[in-house]
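Please look over the sequence and the structure shown below before reading on. The report that follows takes up a few topics in turn, each under its own heading.

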Amino acid sequence: MSHLTPETAVTHHLHGVTFHSFAAGRNGATSIAAWRADFPAHPGTAHSMTAEEILHVLAGTLDVEVGDEGFTARVGDAVLVPAGTRFESATTATTRRRRG
C-alpha cells in the first residue's frame, strides 16, 4: 500500500496521546513508521523507544526531555529521540521538571 490516508490510519491511545498510524508493518513498512500524534494538555509519561524517533511540531509547542536535555519545541521544530534514550513530552510546562 503506497497511498496512506487519514481514513486508513489505525488509531491508538498511549500515554495520554492519540496516535494515528500511517506507515507500519501492517501496510508493508519494514524499518520505518509514520504517524500523527495529537497531544492534549497533559504532564507526559517518561518512556524509551526501541527505534529512533523524530517528532515534527505542526502546531503549538511541546515541552520535551530527551535524556538529560530539556527544551520547548515550537512549530517547525523537529526533535530527535535516539533509540533506548529516556524521553518525555508534555504540552504544559507547569507540571514538568526542566533540565538543561
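## The largest pocket

In this predicted model, the largest pocket is lined by 37 residues, and those that lie nearest its centre are Phe 19, Trp 35, Ala 37, Ile 54 and Leu 55. The space in this pocket comes to about 1100 Å³.

Several strands take part in the lining: β1, β2, β3, β4, β5 and β8, the last of these spanning residues 87–90, are the elements that give two or more residues to it. The largest share comes from β3, which contributes 5 residues to the lining of the largest pocket.

## The sheet of β1, β2 and β3

An open sheet is formed by 3 strands, which follow one another in the order β1-β2-β3 and pair in the antiparallel sense. Its edge strands are β1, covering residues 10–14, and β3, covering residues 34–38, and each of them pairs on one side only. On average, and with direction ignored, neighbouring strands of this sheet are turned by 25° against each other.

The antiparallel strands β1 and β2 are joined by 5 bridges, and within this pairing His 12 has Phe 19 of β2 as its bridge partner. The two strands form a hairpin with 2 residues between them, and in the turn His 15 has a positive phi of about 55°. On the other side of the pairing order, β2, made up of residues 17–23, runs antiparallel to β3 over 5 bridges, with Ala 23 standing opposite Ala 34 in β3.

## Thr 18 and its contacts

Which residues does Thr 18 contact, once its neighbours within four places in sequence are left aside? Thr 18 lies in strand β2, and with those neighbours left aside it is in contact with Thr 11, His 12 and His 13, as well as with Arg 36, Ala 37 and Asp 38. The side chains of Thr 18 and His 13 are also joined by a polar contact of 3.2 Å.

## Strand β5 and its partners

Strand β5 is largely enclosed by the rest of the structure, because 5 of its 6 residues are buried. The strand runs antiparallel to β6, residues 69–74, and 6 bridges join the two; in this pairing, Val 64 has Phe 71 of β6 as its bridge partner. The hairpin of β5 and β6 has 2 residues between the strands, and Gly 67 takes a positive phi near 65° there.

Strand β5 is also joined to β8, in this case by 4 bridges and again with the strands running antiparallel. Here the bridge partner of Asp 63 is Ala 90 in β8.

## Val 57 in the loop after β4

Is Val 57 buried or exposed? This residue has its place in the loop between β4, residues 53–56, and β5, residues 61–66, and its relative accessible area is 7%, so Val 57 counts as buried, the cut-off being under 20%.

When residues up to four places away in sequence are not counted, Val 57 touches Leu 62, Ala 73, Arg 74, Val 75, Gly 76 and Asp 77. Val 57 and Val 79 are 22 residues apart along the chain, and their C-alpha atoms are separated by 8.3 Å.

Note on methods:
Residues numbered from 1 in each chain as written. Predicted model: local features only at pLDDT ≥ 70, side-chain atom pairs only at ≥ 80, totals over all residues. Heavy atoms only, no water. Pairing = 2+ DSSP bridges. Axes fitted to C-alpha atoms, helices over the stretch in contact; angles between N-to-C directions. Polar contact = N/O pair within 3.5 Å; in protein donor to acceptor, adjacent residues only side chain to side chain. Contact = heavy atoms within 4.5 Å. Buried < 20%, exposed > 50% of the residue type's maximum accessible area, 1.4 Å probe, protein only. 1 Å grid on protein atoms, 1.4 Å probe; cavity = no way out; pocket = protein on both sides within 12 Å on 5 of 7 lines; lining within 4 Å. Points joined across faces, edges and corners; volume = space filled by probe spheres on them.
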